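This report describes the fold of one protein chain, from its overall make-up to individual residues. The sequence and the model are shown first.

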Amino acid sequence: MLLYLVRHGETSLNGRGIIQGHLDPPLSPTGERQAQLLGGYLDTGQFAEVWTSDLRRAEQTARLAVGNHGLPVRVDGRLRARYMGSLQGLPWEDDIVYPPDVESDHMVAARMASWLKDVVVAHTPASSPLGSLTADSCHFTYPPHVIEDKVLAIVHEECLHSLMILLRASEGVDDFESSTSPSSPLSTTEVPDHLRLQGHLANTAITVLKVWWEEDEGRVVPRGRVETWGSTEHLGGAVT
């Protein structure tokens, strides 16, 4: 499975550097154009599923990207932006300190992990629970169309950062402030050395997570690899 995790298109608040969180502005004309370019670049008609946050800027991005392909768009509140508390509506500052009423990385990652587990389970060979297949049965229940599935999810920048923290934790890199991290639905997640999973993600930036299944002590378990982080190749400099 190839999971395309894409930040939503630009809103007027993005353009003004305003912290949005759960504020719900629509896409700006620039954001609408970004979503259309995204759809053309990804050829969304080839996707098995399309998911989106329940905030308007994400859902609009998903529906514009899907275009006339007729794919159903699944709206899921677990993909919603981080709640930014008393910071919502204020200008962003590089040295900003999050007050206690901002949703934590741990909380965001927990709901992202819940969603990712559901997606991985649905695309596991024979749609079995994680790790339930035996190595012997894998030969019979690993159809090619399952391996090649592509899933698109329109999400938010803070959600992507929290998800990457979660996936890196499976490799022993634990950046959570809490003493107990959410559990990653992937047994391991590879991050190539040339990818730096940090910094700002542009609107409609594309991250690709590859998920496959391998034998591990007689069971088949899901593993992951971050193939692309924050690509804006589809914009081609036409939309900033």
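What does the accessible surface of the protein come to, and how much of it belongs to carbon and sulfur atoms? The accessible surface comes to about 11200 Å², of which 49% belongs to carbon and sulfur atoms; accessible areas come from the Shrake-Rupley method with a 1.4 Å probe, and for residues only the protein chains shown count as cover. This is a predicted model, in which local features need pLDDT of at least 70 and side-chain atom pairs count only at pLDDT 80 or more, while totals for chains, interfaces and linings use all residues. Residues are numbered from 1 along each chain as its sequence is written, and side-chain values use heavy atoms, with hydrogens and water left out.

## Overall make-up

The protein contains seven helices and seven strands. Both kinds of element are DSSP runs numbered from the N terminus, helices being H or I over at least four residues and strands E over at least two. Along the sequence their pattern is β-α-α-β-α-β-α-α-α-β-α-β-β-β. Of the 240 residues, 49% count as buried, where buried means under 20% relative accessible area, exposed over 50%, and partly exposed in between (1.4 Å probe, protein chains only). Among contacts with a separation of 6 or more, 70% are made by residues 24 or more positions apart; a contact means heavy atoms within 4.5 Å.

## The sheet

The seven strands form an open sheet in the order β3-β2-β4-β1-β6-β7-β5, with mixed pairing. Two strands pair if DSSP finds at least two bridges between them. Strands β3 and β5 (188-190) stand at the edges, each with a single partner strand, so one side of each has no neighbour in the sheet. On average, neighbouring strands of this sheet are turned by 25 degrees against each other, direction ignored. Axes are lines fitted to C-alpha atoms, for helices over the stretch in contact, and angles run from 0 to 180 degrees between N-to-C directions.

Four of the parallel pairings are listed below.

| Strand pair | Bridges | One bridge partner pair |
|---|---|---|
| β1 and β4 | six | L3 and V151 |
| β2 and β4 | four | E49 and V151 |
| β2 and β3 | three | T52 and V75 |
| β5 and β7 | three | T189 and G224 |

Strand β4 (residues 150-155) is mostly covered, with six of its six residues buried. K150, L152 and I154 point one way from β4, and V151, A153 and V155 point the other way. In strand β2 (residues 49-52), E49 and W51 point to one side and V50 and T52 to the other, and all are buried. T52 also stands opposite I154 in β4.

Strand β2, helix α3 (residues 56-66) and strand β3 (residues 73-75) make a right-handed β-α-β unit. Right-handed means that, with the strands pointing away from the viewer, the path from the first strand over the helix to the second runs clockwise.

## Helix α4 and its surroundings

Helix α4 lies across β1 (2-7), β2, β4, β6 (206-216) and β7, running at about 150 degrees to β1. Two packed helices are described by the angle between their axes and the distance between the axes. Helix α4 (residues 105-122) packs against helix α7 (residues 157-169) at an angle of about 80 degrees, with the axes 8 Å apart. That makes α4 roughly perpendicular to α7, a term for angles of 65 to 115 degrees. Residues of α4 at this contact include V108, M112 and L116, and those of α7 include C159, L163 and L166.

## Residues in loops

W92 lies in the loop between β3 and α4 and is partly exposed, with a relative accessible area of 41%. Leaving aside neighbours within four places in sequence, W92 is in contact with G17, I19 and Y98. The C-alpha atoms of W92 and I19 are separated by 5.8 Å, although these residues are 73 residues apart along the chain.

Most residues other than glycine have a negative phi. D43, in the loop between α2 (29-42) and β2, has a positive phi of about 50 degrees. T204, in the loop between β5 and β6, has a positive phi near 65 degrees.

Is each of these two residues buried or partly exposed? D43 counts as partly exposed at 41% relative accessibility, whereas T204 is buried, with a relative accessible area of 0%.

Methods. Angles under 35 degrees count as roughly parallel, over 145 as roughly antiparallel, 65 to 115 as roughly perpendicular and the rest as oblique.
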